[in-house]
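Please read the points below with the model open beside you, and look up each place as it is named. They are meant for someone meeting a structure of this kind early in their studies.

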Amino acid sequence: MAPLWITPCGDALNSAACHTRAGCPVLRDGVRYLSFVVIIVTGIYLTLFFHPSMNAVEYNGSYSPLRGQMVSEAFDSTMRISFDVRGGLLIRQAHHWAALVFVAAVLAHLMRVFFTGAFRKPRELNWIFGFLLLILGMFGGLTGYDLPDDLLSGTGLAVVNGTILSIPIVGTYLSLFLFGGEFPGEDLVARFNTIHVLLIPALMVGLLVAHLMPALRHRHTQYPGAGRSNKNVVGLPLKVRAVKSAGFFFLVAGVIFAIAAVAQINPAWRYGPYRADQVSAGSQPDWYMGVADGLLRVMPGWEITFWGHTLALDNLIPLSVGVGLFLAMGVYPFVEAWVTGEGRARHLLDRPRNRPVRTALGVSWISFYLVALIGAANDIIAVRFHVSVESVTWAVRVGLFIVPPTAYVITKRWALGLQRQDRDKVLHSRETGIIKRLPNGAFIEVHEPLGQDRLHVLTEHEQYQAIGPDPAANGEGPDGGFRFARRLRVVLSRSFYGEGTQITKPTAREYQEITSRHGS
């Protein structure tokens, strides 16, 4: 259904009139690229002083409480970077903070793409590249987090090892291969260093380049508005965008270094070198791995024996849930494309309120992530708020089952309410709060008519209809594929676009009837 008003701006992609409007996509989404540059630059500096070896040496550095202790070369070089290398601690903390900002920026970008539908054709590959970039960023942070070989990183590695060992059949072999023998092994730091310094950065650079190429070809998506359609792009010229990107890089780098200068992170000297017989109390991983740690902490200690083998469900189930959580995010765009069956290119973004089910699913996903993240700090919460850790753990367990469905229902109803509000604005104009008395004594509220630009925004979106069970009616041919797949598609289509999932937007005829009635 077409919008009520469309203000033309020409069909040319580079229309001069179109270049004067809209925000710059680089400023909107470029934090992930710019923070990645900070990661690379600071990482190169740290590589010059770091020794990725687990060979034991005696520490004789500047930090007197640890002098004379036997530590690994990795820990010794980490201490030397922190206390003896000029600017080493600042660079080390900036590298860590930049990694946290990078993963946060990638996740925020994916959420923006998800809620606005920017993953639709022809940008499916961009979604895959962004999703893989998030996964690589998380593993890059995990491997870098474990390089100092301090007690905190060793505690995290023990958790990782336990999770790997819970994998049926291949878990033991994966652990032996990763650690070079029984945990903690002798080759872990060297192998993680190779993965962290060479393999993951190379893959991430390739993904970033691959992510940019389709963007340059198809241009950026844009929010609905006057002069914007699926046939043009409203944006800024390349030269202006480049100048703003350069300035934005210095802004991002400055903020990261300012945080690194005042906010301490991962003080390895406080934890000391890793020892297998010790565990760092109050330890939490970086925030992006908190969902995995939280699921592990709140999972009961279940184990079962199957065919003479013990299955550690207390590790296997959290691993499966965490993997499933991210896989659900990765495959969602293709599920939606399959349900809608739309093959057209889409360059206009959705307003989240106009896709209530998708928006509710996204909020439900985020709420599950946040509840699990709270579980990763159950001991800290218990200490700070003077409650038992068991109470916090049970609250998180209940929250994992209650909060996401509740968030889904509330978000969906909220989006439908906003849709209904938009419909009322279109049909009855905007309320001014001014009461006027008519000559016959009646009182009415004065309504201010909406401009064409606003009408276009409120009525631009396309509303899909749920497909029926007849394959021929859905354009699937006489067979219509497998019966189960066809039924699943019908069920999903009804849940996405069936009754109660959207408010019918006003038509041009309804608008004309009401405005003419008011005019008369």
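1. A residue is called buried when its relative accessible area is under 20%, exposed when that value is over 50%, and partly exposed in between. Asp 293, with a relative accessible area of 13%, is therefore buried. Please keep in mind throughout that this is a predicted model.

2. Asp 293 has a partner: its side chain and that of Arg 297 meet in a salt bridge, with 2.8 Å from N to O. Both residues belong to helix H11, and because they are four residues apart there, about one helical turn separates them. Arg 297 has a relative accessible area of 23%, so this residue counts as partly exposed, whereas Asp 293 is buried. The pair is one of the nine salt bridges that the structure holds.

3. Which residues do salt bridges with shared partners join into one network? A good place to begin is Asp 350, which counts as buried because its relative accessibility is 5%. The side chain of Asp 350 meets that of Arg 358 in a salt bridge of 3.1 Å, N to O, and Arg 358 is itself buried, with a relative accessible area of 2%. Through shared partners, salt bridges join Arg 120, Glu 336, Asp 350, Arg 355 and Arg 358 into one network. Within that network, the side chains of Arg 355 and Asp 350 also meet in a salt bridge, here with 3.6 Å from N to O, and Arg 355 is buried at a relative accessible area of 5%.

4. The next point concerns empty space. Rolling a probe the size of a water molecule over the atoms shows where empty space is left. In this model the largest pocket holds about 1200 Å³ of space. Its lining is made of 44 residues, and the ones closest to the centre of the pocket are Phe 139, Leu 142, Val 160, Met 289 and Ala 292.

5. Which helix supplies the largest share of the lining of the largest pocket? That helix is H5, from which nine residues of the lining come. At least two lining residues are supplied by each of the helices H5 (124-145), H6 (151-165), H7 (171-179), H8 (188-218), H11 (290-298) and H12 (313-340). Sorted by kind, the residues of the lining comprise 31 that are nonpolar, nine that are polar and four that are charged.

6. Nonpolar residues are also found on the surface, where Trp 394, Val 398, Phe 401, Ile 402 and Val 403 form a patch with about 550 Å² of accessible area together. One of them, Val 398, lies in helix H15, which covers residues 389-428. Val 398 counts as partly exposed, because its relative accessibility is 45% and the range for that class runs between 20% and 50%.

7. Some details of the backbone deserve a careful look. Lys 121 and Pro 122 are joined by a cis peptide bond, with omega about 10°, and Pro 122 lies in the loop between helix H4 (88-116) and H5. In the loop between H5 and H6 sits Asp 149, whose phi is near 60°, a positive value in a residue other than glycine. His 386, which is not a glycine either, has a positive phi of about 55°, and its place is in the loop between helix H14 (378-384) and H15. Are these two residues buried or exposed? Asp 149 is buried, because its relative accessible area is 12%, while His 386 counts as exposed, because its relative accessibility is 71%.

8. Finally, residues that are separated along the chain can be compared by their positions in space. Ala 253 lies in helix H9, residues 238-262, and is buried, with a relative accessible area of 12%. Between Ala 253 and Leu 34 there are 7.6 Å from C-alpha to C-alpha, although the two are 219 residues apart in sequence. A second pair is Ile 503 and Arg 423, which are 80 residues apart along the chain and have C-alpha atoms separated by 8.1 Å. Ile 503 is placed in the loop between helix H17 (483-497) and helix H18 (508-519), and it counts as buried because its relative accessibility is 17%.

Note on methods
Residues numbered from 1 in each chain as written. Predicted model: local features only at pLDDT ≥ 70, side-chain atom pairs only at ≥ 80, totals over all residues. Heavy atoms only, no water. 1 Å grid on protein atoms, 1.4 Å probe; cavity = no way out; pocket = protein on both sides within 12 Å on 5 of 7 lines; lining within 4 Å. Points joined across faces, edges and corners; volume = space filled by probe spheres on them. Nonpolar A, V, L, I, M, F, W, Y, C, P; charged D, E, K, R; others polar. Patch = residues over 30% accessible without salt bridge, like charges linked within 9 Å, V, L, I, M, F, W, Y side chains within 5 Å. Areas by Shrake-Rupley, 256 points an atom, 1.4 Å probe, with all protein chains shown as cover. Salt bridge = Lys/Arg side-chain N within 4 Å of Asp/Glu carboxyl O. Buried < 20%, exposed > 50% of the residue type's maximum accessible area, 1.4 Å probe, protein only.
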